[in-house]
Structure formats: structure tokens, C-alpha cells
Amino acid sequence: TWGRVKQQLLESVGRNNYANWIEPLDLKKVDNGVAVFSVPTSFMANWVSRNFSETILSHLKAANASASRVEFTVEPHQSRGAAAPASVPVQTQKASPAPKVKEAAPEMPDLPAADLPGAPLDPRFTFDNFVVGKPNELAHAAARRVAEGGPVTFNPLFLYGGVGLGKTHLMHAIAHEIRQRDPELRVLYLSAEQFMYRFVQALRDRQMIDFKQIFRSVDVLMVDDVQFIAGKDSTQEEFFHTFNALVDQNKQIIISADRAPGEIVGLEDRIKSRLQCGLVVDLHPTDYELRLGILQTKADSYRGQYPDLKFADGVLEFLAHRISTNVRVLEGALMRLFAFASLVGREIDLDLTQECLADILKASERKVTVEEIQRKVSEHYAIRLSDMIGPKRVRSIARPRQVAMYLAKHMTTRSLPEIGRRFGGRDHTTVMHGVKRIEELKGTDSQIADDLEMLRRLLEA
Ligand code: ADP
Ligand code: MG
């Protein structure tokens, strides 16, 4: 059956995907509803499991294989996957559910009581590796200042911003810096979730005295993602007392959250006001320049890792332009691109980028609405929005209306009838006519062509 299923997969995933990802799979066995495949590299295991496990499973089911799950075992085989790394540790990837991009699950090892119950620091999260741009320069400067130590200046330092903008990176950087400068200092970094976990564990094991003693004897306390304790009353209570005890002793505290203290729903007011006492700085969403800077830095280090890969001009600019603000997504995209290119032995150019990152590019597409298009086009031609969707047929209004219809057709996923409805209930043939007319004009009337270009940019920004 696998032969037949493969044949169907060829049709459903396309020749390229098939050759790269499906063809090298070996079905080893179906055991207890688990279909086990061997793949030559762990990168492939990850990739296939992320991108194709559902498709494979549904085809298996259709072929009456009694599988409810697929798994991938890494078994390097010499004859295939020429670009694969020489040796890969054997490991099994659980396939479903497909992993989503999210915060890594915190590690919660049982530590010896004498040790600080902190989380491990990521060695890559240093100030050296942090690219500074307009959106993060204040947060960076504040973090630097706190890391320099001296008389406590900002206490607490409160960093906030959206997912993947570098909060954790900056906190680790501070911790690295302080530890390096003064190895004697007791620096404790952990997530708010881990704080709660430790607290609950201490309660359960009747070790609250130890808990308090440990947390109140550190020199620097860093709590990441503090929004997590919102609504968790006894944890908040304990956090509040820990916080106060440390501030009283002039110990540095650094906190991060996904929003400003005042906006964390379910956080006690007295905690909010404590958190606002020091310096509150936010990391703004990245802009194009910062994204490009980050991509260039990361690409340089990948080039070192994959010295044979060719890298075309314009790829990083394209990514910086197309992928939205989250740096983690940006990094993931670049990593995948290099891994993919080295696996298939191709140059990294725009074609490969679009092929390899189709899902990411799609997910970060900005969704433009017909209403936005109508508004921008009306502004551009200085006509009223009510005229845009009204009945008037004079050229000075009809032409902008057709431009808006054209943009709606090309920039949204709305069908012609849906677009017609948003233009005062016009028929889909009217929309079609308008779109056609602009398509013709675009080739002959440079003013229209310029207008379209400019409107498109405005709408995509
Ligand atoms: P947050 O904690 O705000 O969700 P992280 O600090 O975990 O975000 O950052 C997500 C990823 O993006 C990390 O790998 C981090 O190294 C990287 N990153 C974020 N901002 C920058 C930056 N300015 N320069 C370099 N890497 C960055
Ligand atoms: Mg974080």
C-alpha cells in the first residue's frame, strides 16, 4: 500500500515536495495505530512532521491503513539524501499535533536546595548578539545601564513588549554581564511561571522558610513574563513580599511582561504601582531597518556554517519587508532557509525563499480589507467615501471606484460578487468590467500605473 499512497502523495504535494520530502521516507511498520517512517536526518524528520504529517496520515487512512498517528525515526542511510549531514543521532519525532510557534516550555529540574532555583541562561542571548535599532534602543540602553551595576539606578527595571521582540534576550544579556563582571553576585533569573511552580512546590513540601530565604537573599532577581501571575492570588502575594524585601535591601530587580504594568488585567494594584516605581521601557515592534540588521547578522553566522551555499542579493531585503515584527519568526525563517538550501543543494534566491517559506510568508501577509482600500483610494483622489460607493457615474468618481475595485480584486481574497456588495450593492459584472478597464489602462496610462503602485504601497505598509 505504501507504494500506492506515495503515488497519491505525489499528486497532492507536487513533484518538488515529493522529491524532497516524501520519496526518501521508508514506511517501517504500522504498530498499534502508529505508522513509523524512517528518515535520513533529524532536520527532515522535523520538517516532514511539521508540514506533511497530516497529509500523509489522511492518505494512509484513505488507503485503509489502520494508522491514527505518524512518527519519524531518524536513520541515516548512505544511498539517499546526499546533502544530509554525515551522522545524526537517532531520535524519534512525535508527529501530531503539529508543533506551533510558541514559547519554549520552561524547564523545571529538581535542584539541590542550596542552589539558586533559576532557569538556565541561553549563551547566545548576549549584548553582543543583540542588534540595536530605533524600536529597541531605549530598552537596550536601560538594560546596559542596569547591567553595569553601580548604585542602583532604576529599580525595578520593567521591560515590556510583544512576543519575540527581545525581552528574554535582554534579560539574559543582563544576567550574563553581571555574572561575568562579578561572579560572586547571586543572580537569579526565572520566568513568572517557574516562580509560581517553585512557590507551590515549597508550599506542598512545607519548605516555605527555605523558599523565602532563597528568594530574599539574591542580589539580582529577574522575573520574565510576569503577566503570568495575574489572577493567581497567593503567588502574587508571595511575589509582592519578595519584591518588597529585595527593594528594601537595595537589590536590583528586573521584570518583563507582554504589556505595561497598568494594563495587566488581574494583577493587584499594589503590585502594579510597585512595578511602575522604577523605569518602565517598552520594546516597539521592529521596523524594516531593524529586521534587516538582524537578518544580516544572523545570515553572516549561517554563511560561516554553510560556506558552500550561494546566497543571492535581495533575499534578506525581501524577508525584512515581508515578515512582520516577531524576531523569532524571522530567525526561524532564516534557519529553515539555510537548512533547506543545504539539503537540496540549491542557491538561496527569491524562488527558493518563496517555495521554502510559503507558509510563513502567507501567515505574515497583512490582510487588507475592501473598506481600507476604498478609504485610501478616496483620499488619494480626494473624493468622498460616500461617492465611492454611491451611484454617481461621472468619470472623476467612476475611475477611482474602478481603481478601488481593481485593488480589492488583487489585494484581498474577496470574490467579485463580494466586492460588488461592498460597492453599494453593484453586480459582479460591473466589478469585472472595472477591473478589466484598469488592467488595460495600466499598460497605457502611466498616471494610473503610478497611482496603483503608490496605493498598493500605502495599503501594504
Ligand atoms: P521575547 O522574550 O520578547 O518574546 P526573545 O527575547 O525570546 O523575545 O527573542 C526572540 C528571538 O529573537 C530570540 O532568539 C532573540 O535572540 C531574537 N532577537 C530579538 N530581538 C533581537 C535583536 N534586537 N537582535 C538580535 N536578536 C534578537
Ligand atoms: Mg520571552
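## A walk through the structure, starting at ligand 1

Of the 17 residues around ligand 1, those that come nearest are Gly 166, Lys 167, Thr 168, His 169 and Val 327. Keep in mind as you look that this is a predicted model. Two helices help to form the shell around the ligand: α6 (167-181) and α13 (327-344) each supply at least two of its residues. The shell also draws on two domains, with at least three residues from domain 2 (134-283) and at least three from domain 3 (288-363). What kinds of residue are these? Sorted by character, the shell around ligand 1 divides into 7 nonpolar, 7 polar and 3 charged residues.

Now step back and take in the whole chain. There are 21 helices and 9 strands in the chain. Of its 461 residues, 33% are buried. Among contacts in the chain with a separation of 6 or more, 73% are between residues 24 or more positions apart.

Let us turn to the strands, beginning with β1 and β2. Strands of a sheet pair through backbone hydrogen bonds, and they can do so either parallel or antiparallel. Strand β1 (residues 26-31) and β2 run antiparallel, joined by 5 bridges. You can follow this pairing residue by residue: Asp 26 stands opposite Ser 38 in β2, and Lys 29 stands opposite Val 36 in β2. The two strands form a hairpin with 2 residues between them, and in this hairpin Asn 32 takes a positive phi near 55°.

On β2 you can also meet the parallel arrangement. Strand β3 (residues 69-74) pairs with β2 in the parallel sense, over 6 bridges. Ser 38 is worth finding again here, as its bridge partner in β3 is Thr 73.

Where do the side chains of β2 point? In a regular strand the side chains alternate between the two faces of the sheet. Strand β2 (residues 34-39) shows this alternation: Ala 35, Phe 37 and Val 39 point to one face and are buried. Val 34, Val 36 and Ser 38 point to the other face and are not buried.

Next, look for another sheet. It is an open sheet of 5 strands with parallel pairing, in the order β6-β7-β8-β5-β9. Which strands stand at the edges? They are β6 (187-191) and β9 (279-283), and each has a single partner strand, so one side of each is left without a neighbour in the sheet. From one strand to the next, the twist averages 15°.

Start at the β6 edge and move inward. Strand β7 (residues 220-224) pairs with β6 in the parallel sense over 5 bridges. Two of the matches to look for involve Leu 190, whose bridge partner in β7 is Val 223, and Ser 191, whose bridge partner in β7 is Asp 224. On its way to the next strand, β7 is joined by 4 bridges to strand β8 (residues 252-257), and these two run parallel. Here Val 220 stands opposite Gln 252 in β8.

How covered is β7? Of its 5 residues, 5 are buried. Val 220, Met 222 and Asp 224 point one way from the strand, Leu 221 and Val 223 point the other way, and all are buried. Compare this with β2, where Val 34, Val 36 and Ser 38 on one face are not buried.

A helix belongs in this picture too. Helix α7 (residues 192-204) packs on the sheet and touches β6 and β7, its direction making about 95° with that of β6. Within helix α7 you will find Phe 199. Why does Phe 199 count as buried? The cut-off is 20 or more other C-beta atoms within 10 Å, and Phe 199 counts as buried because it has 22 C-beta neighbours inside that distance of 10 Å.

Which residues does Phe 199 touch beyond its neighbours within four places in sequence? Phe 199 is in contact with Phe 211, Thr 235 and Glu 238. Take Phe 211 as a last stop: Phe 199 and Phe 211 are 12 residues apart in sequence, and 7.2 Å apart in space from C-alpha to C-alpha.

Terms used: Residues numbered from 1 in each chain as written. Chains lettered and ligands numbered in written order. Predicted model: local features only at pLDDT ≥ 70, side-chain atom pairs only at ≥ 80, totals over all residues. Near = placed C-beta within 6 Å. Nonpolar A, V, L, I, M, F, W, Y, C, P; charged D, E, K, R; others polar. Domains from an automatic or database assignment. Buried ≥ 20, exposed ≤ 12 C-beta atoms within 10 Å, placed from the backbone. Pairing = 2+ DSSP bridges. Axes fitted to C-alpha atoms, helices over the stretch in contact; angles between N-to-C directions. Contact = placed C-beta atoms within 7 Å.
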